[in-house]
Amino acid sequence: MMKKIVLVAALVGALASCTATEQGTAIGAGSGALIGGAVSNSWGGAAVGAVAGGLVGAAVGNSVDQRNGRYSGQRVYRDRYGCYVAYSNGSTRRVRC
């Protein structure tokens, strides 16, 4: 039991330093492998589920990274009115409202 707790803590710690795209890929691949293996009751189904889950997880994580402005050198936040505001190099601009 203690080994399982240590293993889960190590995996969570490793994912903490990843981007949203990397986290989505890892979580999607793991979930897809579990679901694919359970549905098909074979290693082949688990492999197909891992690939499909990884692709979907990467797409979701990538959209989160883009929404947060991770790829354009800026951070995007919501202000108190619900509008998205981008901060980059000390300047502010309204992204969408």
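Reader: In which loop does N41 lie?
Author: Quick ground rules: this is a predicted model, so local features need pLDDT of at least 70 and side-chain atom pairs count only at pLDDT 80 or more, while totals for chains, interfaces and linings use all residues. Residues are numbered from 1 along each chain as its sequence is written, and side-chain values use heavy atoms, with hydrogens and water left out. Helices (DSSP H or I, at least four residues) and strands (E, at least two) are DSSP runs numbered from the N terminus. On that numbering, N41 sits in the loop between α2 and α3.

Reader: What is the phi of N41?
Author: Most residues other than glycine have a negative phi. N41 is not a glycine, yet its phi is positive, near 55°.

Reader: Is N41 buried or exposed?
Author: Buried means under 20% relative accessible area, exposed over 50%, and partly exposed in between (1.4 Å probe, protein chains only). N41 has 70% relative accessibility, so it counts as exposed.

Reader: What is the reach of α2, just before N41, from its first C-alpha to its last?
Author: Expected span is 1.5 Å times one less than the number of residues in a helix. For the 21 residues of α2 (20–40), that gives 30 Å, and the model comes close to it, at 29 Å.

Reader: Which helix is included in what covers the buried residues of α2?
Author: The buried residues of α2 are A20, T21, G24, G28, G32, G36 and G37. Contact here means heavy atoms within 4.5 Å. What covers those residues includes α3 (43–67).

Reader: And α1, how many of its residues are buried?
Author: Its length holds no surprise: 15 residues should span 21 Å, and the end C-alpha atoms are 21 Å apart, which agrees. As for cover, α1 has hardly any, and its count of buried residues is 0.

Reader: Which residues form the nonpolar patch on the surface?
Author: Patches take residues with over 30% relative accessible area and no salt bridge, joining like charges within 9 Å and nonpolar side chains (Val, Leu, Ile, Met, Phe, Trp, Tyr) within 5 Å; a salt bridge is a side-chain nitrogen of Lys or Arg within 4 Å of a carboxyl oxygen of Asp or Glu. M1, in the segment before α1 (2–16), counts as exposed because its relative accessibility is 77%. With about 480 Å² of accessible area together (Shrake-Rupley, 1.4 Å probe, only the protein chains shown counting as cover for residues), the patch is formed by M1, M2, I5 and V6.

Reader: What pattern does the protein chain follow along the sequence?
Author: The secondary structure comes to 3 helices and 3 strands. Read along the sequence, they go α-α-α-β-β-β.
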